[in-house]
Amino acid sequence: MSTQDIERKCRELRELQALIAEAEAEAEAVKDALKRAMGDAEELRAGEYKITWRRVTAVKLDTKALRAALPDVAARFSRESTVRRFCVA
């Protein structure tokens, strides 16, 4: 692939990413409108659609606090991984 081809592909990628960002922003605006329509309700039906907006409780491990309080335990259960990060700047 020539430098010009790569440059063209990068430009195409940026344009597509901008379209995706715009579509995601529009989708979030629609979701926000639906949430406002629901108010405090957890479920709403509209024709063939069933919309739910429920509270979900999750438990997450505070790794920073674990490393501070029990560094040996944190080290024993930590695992390193390597990935390749793709970026066009």
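Okay, let's start with charge: this protein carries 18 positive and 16 negative charges, and their mean positions sit 6 Å apart. Here Lys and Arg count as positive, Asp and Glu as negative, with His and the chain ends not counted. Each charge is placed at NZ of Lys, CZ of Arg, CG of Asp or CD of Glu.

A word on what you're looking at. This is a predicted model, where local features need pLDDT of at least 70 and side-chain atom pairs count only at pLDDT 80 or more, while totals for chains, interfaces and linings use all residues. Residues are numbered from 1 along each chain as its sequence is written, and side-chain values use heavy atoms, leaving out hydrogens and water.

Now the overall layout. The protein has three helices and two strands, and reading along the sequence you get α-β-β-α-α. Those are DSSP runs numbered from the N terminus: helices are H or I with at least four residues, strands are E with at least two.

How does the radius of gyration look? The protein has 23 Å, whereas a compact globule of 89 residues would be near 12 Å. That's taken over C-alpha atoms, and the globule rule is 2.2 Å times the number of residues to the power 0.38. Along the principal axes, the C-alpha trace spans about 55 × 50 × 20 Å. Just 3% of the 89 residues count as buried, meaning under 20% relative accessible area (exposed is over 50%, partly exposed in between, 1.4 Å probe, protein chains only).

On to helix 1, residues 3–38. Its 36 residues should span 52 Å at 1.5 Å a residue, and the end C-alpha atoms are indeed 52 Å apart, so the two agree. The expected span is 1.5 Å times one less than the number of residues. Right after helix 1 comes Gly39, with a positive phi near 60°.

Next, the hairpin. Strand 1 (residues 43–46) and strand 2 (residues 49–52) run antiparallel and are joined by four bridges; strands pair if DSSP finds at least two bridges between them. Two residues lie between the strands, and Gly47 takes a positive phi near 60°. Across the pair, Arg45 has Lys50 as its bridge partner, and Leu44 stands opposite Ile51.

So is Ile51, over in strand 2, buried or exposed? Ile51 is buried, because its relative accessible area is 19%. As for distance, the C-alpha atoms of Ile51 and Lys9 are separated by 39 Å, and the two residues are 42 apart along the chain.
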